[in-house]
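Open your viewer, keep the selection panel handy, and follow along stop by stop. What should you select next, and what will you find there?

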Amino acid sequence: MRRFLSFRDFDWTLLAFVLALSVISVLEIYSATLHTKFVHFDEKQVLWLVGGFASMFVLSLIDYHILLDIAVWAYGICLVSLVAVLAVGTKVMGGRRWIRLPGGIHFQPSEWVKLVLIIVLARFFTNLSGRDLTWKDIFKAIFMVVVPMLLVMKQPDLGTALTYAPVLLCGLFLGGISFRQASILFLAAALAIVPAWYKVLKPYQKQRLTSFMQPDADPRGNGYQIRQSLIAVGSGGIWGQGATHGTQTQGDFLPIPYTDFIFAAFCEEHGLVGAIFVLLLYFLLLMRLVQNAQTAADLPGTFIIMGVVAVLIFQIAVNVGMVIGIMPVTGIPLPLMSYGGSSVLFTFLALGIVMNIRMSRFVN
Amino acid sequence: MAGAPNRDEKIPTLKLTVMQYVIALVLVVLVSGLWRLQVLGAQNYRALAEANRIRKVPILAPRGKIFDRDGRLLVDNYPSVTCFLVPEQARDLDTDIPLIAQGLHMDETQLRAVLRRFQHQPKYQPIPLQQDITPDEQAFIAAHRNELPELETIEEQRRLYPSNGFAAHLIGYVGEVSEEMLDDPRYAFYQPGDVVGRSGVEESYDPVLRGQDGSRDVIVDSHGRELGALGIEPSVPGKSLKLTIDLDVQEAAEKALGPRNGAIVAIDPHTGDVLAMVSRPTFDPNEFAIRIHRNDWNKLITDPEHPLLNKAIQAQLAPGSTFKIIEAIAGLQEGIAENLKADCHGGGVFYGHYYKCWISARHQSHGITDISKGIFQSCDVFFYTLGEKLGIDKIAEWAHKFGIGQKTGIDLPNEAAGTMPSPEWKMRNYHQKWYAGEVISVAIGQGAVTVTPIQLIRAIAGIASGGVLKRPHVVFPNEIPPDLQQYYKDQFPGSGDQTVPIDPANWQIVTDAMAQVTTFAGTAGMAHLDGIDFAGKTGSAQTVSNEYKKNLGAAGSKLLDTAWFVGVSPRRNPDIAVVVLWQNGGEGYFSARLAAQVIEAYVNKQRRTANNLHIVVNAVPPLTGTSPAAPAPAPKSKPTAALHSPKIPAQPMEMAALWTAPANATHNLRARKIPASIAAKFPLPPGTTLQAGSFPLTSPAHTASDESHSELRVAK
């Protein structure tokens, strides 16, 4: 099959939104780390972004159908690497999430698993397309997601594990799950939560999940982060306190203001106006992705893009929700804003695949 | 791969539209959440953010200094440096410990123990290592700034009180404001941890002394590290306070009372100025200025002799025979006493019971006794008789006029009121009828009568001043800022300034009799002061009944009487009045000697400052024909007087405090002339000579270690 890929078909609009968010991200990281020992993280983030853009361009040139073909293998490698992390991974801040590679690079497999899951599920649902989903199909899909999910939870990294769920839900929804099946699944999940709450989750995880409801009950302990985040967002007001002038951010009251709580730092320094501007960028970006999904040349393309959309909107909802106190603290980074190589690379690789799907839309 | 059958199928647009709506909905929810925080809650959260980052660092105002009436420093402040250790700033704390211990003169194990105690607190929190460090320890810290960056010092002002408990009860001490005090509206504007006067002048004049703390607004980060300063509100130092205390008189009183259990108060009867106030046992308030050790504190509060009690204003004890002065005035004013004669056979029968006179213990009697002899010989029988004739109502009425059973309103905290029994008092408190016989014990200052030393001296000084009573005070009224004057009036209610009209003749009878007390004819002849008109009244108040004492046997003999003495100089319109309370002192005349020391110190000082020590010499006439002419003043203390004695004319008189014979009191400018008829009433026995004013001070029977068994009533 011949393909004519042209950068004329490259989604420059999408790229513009991504670039805008990246610039905002770097500036906010600069501001949030100005007086801390993380002072050069903005420069590091630029390097990550350069790497991200480069990989995006590279991946946009690779036919996504190849990815679909090797997805099963990739999935297997992912499971192996997740087990490897548990066995030989480096412990950072109480979690065994990283594998140290030669050359001083730390590698966090759980972010890649997200990408592989999107592709594997796209392939899975594409193959089922054209008929109603049976319970067997549904359980297969659930099994495919739950196995890596449990492995990641074991690290323990509840936040990243949770980001696998939207891929599954989106796949089931678009793959044609019936309303009856969805209802039964929902009920079953609701019932499963009760034993999971008591058996699977560790006490600190439970505390983190519940403390957002009463941050003032324990202002020095679990409620501290949420409380400081709320103060940061609230004190930003409509116009914000100005870049590098947020007292919560600069005074080190806001926890990790360059990663998980970067949106709180941004809200403090740029106010409601800035926050709405960023959320608007996200909205435009996601709408553009959905549009690309609609115009994709084939089903797997649509599934992949919608999987990416599902992960992104989930992460945005959970992260921003956490920052404004309506979601528990789960440690999920804000895509395209939070500092961190794995997160950046996942997003850009995912966008690279999206670009390829878009560029391939007139092929065939 | 290419053969997959359903590749060309499309997902229904509806589903993608649903996804778009889900995305939009999520973002709308997020924006509404932002709206709630950033628009509706902005003000609240901004305040919280400010509270987070701005810390008020107090700048403590130095307390006002305290001076005596001549401007001599009593209480000072001194800069005290406390050394802290900030673990966060340490490079390697473990290896530094020996050096730190050596430099701060601490034991290494002790230092480690301190660090262990604080090991669970955050690393940036300073650990107090040593308070009040010495200059060489400060130098050590300054010299090792680079090697030991973890050591920090903080300077603050501490109180420096006179040592050895000098005037400790009067001055009081400062301490951290307690929980209970914070509930009191008087302390409404205090914060926990504030230093506040806890006793004495420090407490009662805290609003004047304390000044106003300033503050420094500093910007801090979440670790409490200072990032910058916003502004400074300087502190206003406390106002210095001038006490009415005369350091010389105070010193004399401190020396006179020595280690004895009791109190001495000296006042200026013209104004109510307290010249000296001593209470024993005492304590060292400097120990309170730093943090007092728990064991020391427990020792202070459980000591049966109540070291923290200011006995000068809080001890409530039977006044004994000193009460007879009040009763004598009552009897004279009521017209009963002047011509009253009682026949003392060492006792007498009243209301069907036999009551002893104190003289019966010496197997003697007073014989026919009138008011004057009744006072200077302290004849109980005379006052039993007078008491019986007066009745309890009259006695109580006159005692009340002179402030017995009421607070004086002295400007010190927790003054006790004492008790003046009366039929109404008994009915009100005990719901019992008054028995007529009870007046007999009240008549000699026993029974239910209790007084505080300050109350007693105000009354006696008032009588000696012809009925002009003043509110005693330790701070000059004009030292109190105008805005606080009403506050102090309300704060210390009491009988205050009063005038009780006394017939001049009666005044003379009583004051002359009081002057006789310190002659060989009186009960305190041993306390006689040559060349000083020193009048007074002894009192030996029983603390337990004689029967009870007898039953105790050997232990009972240790239960000695409360020895009182009230003294004034000169006898009328005195310049100084002194009360001595010596618990377990045994006899009133022992206390009289102590009072004499205070009076002598005062008079000598006045003479010295007026440069007329000499006047005394010519002014003192021969007492009798046979006595040596012009008894010389005690050469030990008044050498100049002896030197100039022959040349100095008698007039004019500037000093009122003189030793005068009863018959020749005209040279006292403030006193009125005494009719010769009265003076002639009490001729001194011929052939007697007066002793010079030096005498042994301690009787071997009464040492300071005597345990007090007095029923001391602590003011609540």
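Start with β20(B) and β21(B), which form a hairpin with 6 residues between them. In the turn, select N573(B): in this predicted model its phi is positive, at about 45°. Now colour the two arms. Strand β21 covers residues 576-582 of chain B, and 7 bridges join β20(B) to it, the two strands running antiparallel. To see one of the pairings, pick F565(B), whose bridge partner in β21(B) is V580(B).

Next, add the strand on the other pairing of β20(B). Select residues 535-541 of chain B, which make up strand β19; 7 bridges join β19 to β20(B), and these two also run antiparallel. A handy place to look is A541(B), since its bridge partner in β20(B) is T562(B).

While you have residues 562-569 of chain B on screen, is β20 buried or exposed? 8 of the 8 residues of the strand are buried, so β20 is largely enclosed by the rest of the structure. Show the side chains and look at the two faces. T562(B), W564(B), V566(B) and V568(B) point one way, while A563(B), F565(B), G567(B) and S569(B) point the other way, and all of them are buried.

**An open sheet in chain B**

Stay in chain B and select strands β1, β8 and β9. These 3 strands form an open sheet in the order β1-β8-β9, with antiparallel pairing. β1 (54-59) and β9 (226-233) stand at the edges with a single partner strand each, so one side of each has no neighbour in the sheet. Turn the view along the sheet and you can follow the twist, which averages 30° from one strand to the next. For a closer look, zoom in on β8 (residues 214-220) and β9(B), which pair in the antiparallel sense over 6 bridges. One of the pairings to label is R216(B), whose bridge partner in β9(B) is I232(B).

**Two helices in chain B**

Now select residues 323-333 and 380-401 of chain B, helices α14 and α16. Their axes are 9 Å apart and the helices pack at an angle of about 90°. α14(B) and α16(B) are therefore roughly perpendicular to each other. Which residues of α14(B) meet α16(B)? Show K324(B), I326(B), E327(B), I329(B), A330(B) and G331(B) on the α14(B) side. Facing them from α16(B) are F383(B), L386(B), G387(B), L390(B), K394(B), I395(B), W398(B) and A399(B). By class, this contact has 9 nonpolar, 2 polar and 3 charged residues.

**Over to chain A**

Switch to chain A, which has 13 helices and 3 strands. Colour by burial if your viewer allows: buried residues make up 52% of the 364 residues in this chain. A contact map is worth opening too. Among contacts in chain A between residues at least 6 apart in sequence, 71% join residues at least 24 apart.

For the first helix pair here, select α6(A) and α12(A). Their axes come within 8 Å and cross at roughly 135°, and the two helices are therefore oblique to each other. The crossing is right-handed. From α6(A), show T163(A), P166(A), V167(A), L169(A), C170(A), G171(A) and L174(A). They meet F303(A), M306(A), G307(A), A310(A), V311(A), F314(A) and Q315(A) in α12(A). The residues of this contact divide into 10 nonpolar, 4 polar and no charged.

Then select α4(A) together with α13 (residues 341-359) of chain A. These helices pack at an angle of about 15°, with their axes 9 Å apart. That angle makes α4(A) roughly parallel to α13(A). α4(A) passes α13(A) in a right-handed crossing. Label E111(A), K114(A) and L115(A) of α4(A), then S342(A), S343(A), F346(A), L349(A) and A350(A) of α13(A), which make the contact. Here the classes are 4 nonpolar, 2 polar and 2 charged.

**Last stop: where the chains meet**

Finally, show both chains together. 46 residues of chain A are in contact with 37 residues of chain B. The helices α3 (64-88), α4 (109-128), α6 (158-175), α9 (222-236), α10 (247-250), α11 (262-295) and α12 (299-323) of chain A each supply at least two residues to the side that touches chain B. Highlight α11(A) to finish, as α11(A) gives the most to that side, with 13 residues. Coloured by class, the residues on the side of chain A that touches chain B divide into 27 nonpolar, 16 polar and 3 charged.

Terms used. Residues numbered from 1 in each chain as written. Chains lettered and ligands numbered in written order. Predicted model: local features only at pLDDT ≥ 70, side-chain atom pairs only at ≥ 80, totals over all residues. Contact = placed C-beta atoms within 7 Å. Helix = DSSP H or I, 4+ residues; strand = E, 2+ residues; numbered from the N terminus. Nonpolar A, V, L, I, M, F, W, Y, C, P; charged D, E, K, R; others polar. Buried ≥ 20, exposed ≤ 12 C-beta atoms within 10 Å, placed from the backbone. Axes fitted to C-alpha atoms, helices over the stretch in contact; angles between N-to-C directions. Parallel < 35°, antiparallel > 145°, perpendicular 65-115°, else oblique. Left-handed = near helix turned anticlockwise from the far one by under 90°. Pairing = 2+ DSSP bridges.
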